[in-house]
Amino acid sequence: MAVKNLLTRSLVPRTLRGRLIAGLVAVLAIGCAAVGLVTYFAVERALYGELDNQLQTATQLALTCWDQTYRDQNSDNGQDGQQPQSGGNPGIMPAVFTCNGLTEGTFVARIYSGQLQSRLVNEDPPKLSAADTRDLRGITPSQSPPPGSSNDDIRAVPQYMSWAHETYLVTAILDPDHDGSIYITGLPLSDLNDFLSDVALVEAGVFGGALLGAGVLGTIWVRFSLRPLRRVAVTASQVADLPLESGEVSLPAGVPDTDPATETGQVGLAFNRMLGHVETALRRRAASESRLRRFAADASHELRTPLAAIRGYAELALRHPGDSPEPVTHALGRVLSESTRMSVLVDDLLLLARLDAGRPLSSEPVDMTRLAIDATSDAQVARPGHRWVLELPD
């Protein structure tokens, strides 16, 4: 399963552009293959039909020429008008067989009383092998059609000839005189096969060029058509790189291609609406954060003064308790403790508000002399019964 998934991922493009181009080329390839096969088989059928008609005609011509040649031999031997008896000698055919109407290289043969003689029209006699002779004798002959009738009943079969190293389309018919002779006629398939090979090569070249051109033009067209989607992707990447955690955020401009009549325009329009909603939400969030920050800062400033007053009065009351009962003194101590803790919280809240506002921490030289004097003065007021010694430089 893992290997299958790996092969699927490697063969199928992952991008939309790649899948569109691959689909276009695949559909065009299927169409070209279908047209090529239909054209090839149609041409093959037409050529075979034409060759079959030529062979039927050649069969009749060869039969006539065989009879004429045989009559000429009998006339030279003083046996004009007589047919050879069963088991007789059909005669020795001339080395070069000539027949008007038959193309050069047409194969003709005659089987009589088990003897087979073969010739090539206007060429040297073929040198049949034992396998060729056996195969030719094994062909089932057809009946010779009556004069003037159609030759469609003559069956043509392909026969490989080892001496020629090619295949012939041959017919075998019985002699119409019923003397037991079988006449064989054959035409080579080399020209037909060569023509079909040329057709296949031309189709492959034309369709291959068409597929290549379709791939190049399809790539250009798909890239042009998907430019709005690329703009959406670029804008989305810019938004993804923005810091959206806090503060005011300036979002990039939307996608310009927003034609609702196209799919890419619909995507761009929806993306622009989404950017508008996000920008509105971020603006409201920034405003809310700003109000909260100002409230925290203002509240901290406002609380520091009353808290300092509460602490001062509590310390003063505890320092001069007079005749106050013990519960009152304890309550004043609790007020001082809680006000002190609340002052720390207010100071921390003010510091957080300042830090959240982005204000940098300020640093400057501090006069330690003034700090020491203020600290000693505060300590003397808090503990007047103690003796304080302050040593300062001149």
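How do the residues of the lining of the largest pocket divide into nonpolar, polar and charged? The tour returns to this question at the pocket itself, after an overview of the chain.

**Before starting**

The model is predicted, so that local features need pLDDT of at least 70 and side-chain atom pairs count only at pLDDT 80 or more, while totals for chains, interfaces and linings use all residues. Residues are numbered from 1 along each chain as its sequence is written, and side-chain values use heavy atoms, with hydrogens and water left out.

**Whole chain**

Display the chain as a cartoon. Eight helices and five strands are present, where helices (H or I, at least four residues) and strands (E, at least two) are DSSP runs numbered from the N terminus. Along the sequence they follow the pattern α-α-β-β-α-β-β-β-α-α-α-α-α. Of the 394 residues in the chain, 26% are buried; buried means under 20% relative accessible area, exposed over 50%, and partly exposed in between, with a 1.4 Å probe and protein chains only.

**Stop 1: the largest pocket**

Select Leu51, Gln54, Leu187, Pro188 and Asp191, which lie nearest the centre of the largest pocket among its 17 lining residues. Helix 2 (16-76), strand 5 (182-188) and helix 4 (190-225) are the elements that each give two or more residues to this lining. Helix 2 gives the most, with seven residues. The volume of the pocket is about 370 Å³.

The opening question can now be answered: the lining holds eight nonpolar, six polar and three charged residues. Here Ala, Val, Leu, Ile, Met, Phe, Trp, Tyr, Cys and Pro count as nonpolar, Asp, Glu, Lys and Arg as charged, and the others, Gly among them, as polar.

A pocket is found on a 1 Å grid over the protein atoms alone, as an open set of points where a 1.4 Å probe fits, with protein on both sides within 12 Å along at least five of seven lines; lining residues have an atom within 4 Å of a point. Grid points are joined across faces, edges and corners, and the volume is the space filled by probe spheres set on them.

**Stop 2: strand 1 and its partners**

Select residues 107-112, which form strand 1; six of its six residues are buried. Phe107, Ala109 and Ile111 are buried on one side, and Val108, Arg110 and Tyr112 are buried on the other. In a regular strand the side chains alternate between the two faces of the sheet.

Add strand 2 (residues 115-120), which pairs with strand 1 in the antiparallel sense over six bridges; two strands pair if DSSP finds at least two bridges between them. The two strands form a hairpin with two residues between them, and Ser113 in the turn has a positive phi of about 55°. Then add strand 5, which runs antiparallel to strand 1 and is joined to it by five bridges. Arg110 is a useful residue to centre on: its bridge partner in strand 2 is Gln117, and its bridge partner in strand 5 is Tyr183.

**Stop 3: strands 3 and 4**

Select strand 3 (residues 156-161). Which of its faces is covered, and which uncovered? Val157, Gln159 and Met161 make up the covered face, whereas Ala156, Pro158 and Tyr160 make up the uncovered one. Strand 4 (residues 166-174) pairs with strand 3 in the antiparallel sense over six bridges, with Val170 as the bridge partner of Val157. Four residues lie between the strands of this hairpin, in which His165 takes a positive phi near 55°.

**Stop 4: aromatic rings**

Five aromatic pairs are found in the whole structure. Rings of Phe, Tyr and Trp (its six-membered ring) pair if their centres lie within 6.5 Å; planes under 30 degrees apart count as stacked, over 60 as edge-to-face and the rest as tilted. Select Tyr40 and Phe41, an edge-to-face pair at 5.7 Å centre to centre with 80° between the planes. Tyr40 is partly exposed at 23%, as is Phe41 at 48%. Next select Phe107, Trp163 and Tyr168, which ring pairs link into a cluster.

**Stop 5: salt bridges of helix 7**

Two salt bridges are found in the whole structure, each being a side-chain nitrogen of Lys or Arg within 4 Å of a carboxyl oxygen of Asp or Glu. Select Arg334, Glu338 and Arg341, which such bridges link in a network. Glu338 meets Arg334 at 3.0 Å, N to O; the two are four residues apart in helix 7 (residues 326-356), and therefore about one helical turn. Glu338 also bridges Arg341, with the closest N and O atoms 3.1 Å apart, and these two lie three residues apart in helix 7. Glu338 is partly exposed at 31% relative accessibility, Arg334 is partly exposed at 43%, and Arg341 counts as exposed at 51%.
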